[in-house]
Amino acid sequence: MEEQFEAFLTGSDNSVDGIVTPIHYAQYGRAYEFKSIDGTLHLVISRDKRGKWVRVDGTEPYFSGWVEELAEQVAKAKQL
C-alpha cells in the first residue's frame, strides 16, 4: 500500500498543511484522506466511475478547488 505524505491545500487566508493517507472507501474503493495538522479540515477524495476525482467525505464548508489540488498532489506522490 502507498505511504502517507505531507500535503497542503490553499485556504482563503493561508495554506492548510496536512497529511494524506491512502484508504479504502466502501463505495469507491481506493481513496485519499487529507487531515489538516490543526484538525480543522478533513477531506476524502476518490475517482468516480468515469475516472473523475470527486469529494466523497469531509468537513463543511470546503473549497471545490481542493479536490483537484489534492488530486494533483496525490499524482505527484505516486510518481515518487
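**Note on a predicted model: sheet, helix, pocket and two serines**

1. Helix α1 (residues 65-79) lies across β1, β2, β3 (29-36), β4 and β5, and runs at about 155° to β1. The model is predicted, and the remarks below should be read as describing that prediction.

2. The strands that the helix crosses belong to an open sheet. This sheet has 5 strands in the order β1-β2-β3-β4-β5, with antiparallel pairing. The edge positions are taken by β1 (5-10) and β5 (53-58); each has a single partner strand, so one side of each is left without a neighbour in the sheet. On average, neighbouring strands of the sheet are turned by 35° against each other, direction ignored. In general, strands of a sheet pair through backbone hydrogen bonds, either parallel or antiparallel.

3. At the β1 edge, the pairing can be followed residue by residue. Strand β2 (residues 15-25) pairs with β1 in the antiparallel sense over 6 bridges. For E6, the bridge partner in β2 is I19.

4. S46 lies in strand β4, which covers residues 42-47. Is S46 buried or exposed? S46 has a relative accessible area of 1%, under the 20% limit, and is therefore buried. A polar atom of the S46 side chain lies 2.6 Å from the backbone oxygen of R30. R30 also appears among the contacts of S46: leaving aside neighbours within four places in sequence, S46 is in contact with Y28, R30, A31, K52, W53, V54 and V56.

5. A second serine, S36, is found in strand β3. The relative accessible area of S36 is 7%, so S36 too counts as buried, the limit being under 20%. Which side chain does S36 join through a polar contact of 2.8 Å? The partner is the side chain of D38. Not counting residues up to four places away in sequence, S36 touches V16, D17, G18 and L41.

6. The largest pocket holds about 230 Å³ of space. It is lined by 16 residues, and the closest to its centre are S15, V16, D38, T40 and L41. Which strand gives the most to this lining? That strand is β2, with 3 residues.

7. Points 5 and 6 share some residues. D38, the polar partner of S36, is among the residues closest to the pocket centre. V16 and L41, which S36 touches, are also in that group.

Terms used: Residues are numbered from 1 along each chain as its sequence is written. This is a predicted model: local features need pLDDT of at least 70, side-chain atom pairs count only at pLDDT 80 or more; totals for chains, interfaces and linings use all residues. Side-chain values use heavy atoms; hydrogens and water are left out. Helices (H or I, at least four residues) and strands (E, at least two) are DSSP runs, numbered from the N terminus. Buried means under 20% relative accessible area, exposed over 50%, partly exposed in between (1.4 Å probe, protein chains only). A polar contact is a pair of N or O atoms within 3.5 Å; within protein, one must be able to donate a hydrogen and the other to accept it, and residues adjacent in sequence count only if both atoms are side-chain atoms. Contact means heavy atoms within 4.5 Å. Two strands pair if DSSP finds at least two bridges between them. Axes are lines fitted to C-alpha atoms, for helices over the stretch in contact, and angles run from 0 to 180 degrees between N-to-C directions. On a 1 Å grid over the protein atoms alone, a cavity is a set of points where a 1.4 Å probe fits but cannot get out, and a pocket is an open set with protein on both sides within 12 Å along at least five of seven lines; lining residues have an atom within 4 Å of a point. Grid points are joined across faces, edges and corners, and a volume is the space filled by probe spheres set on the points.
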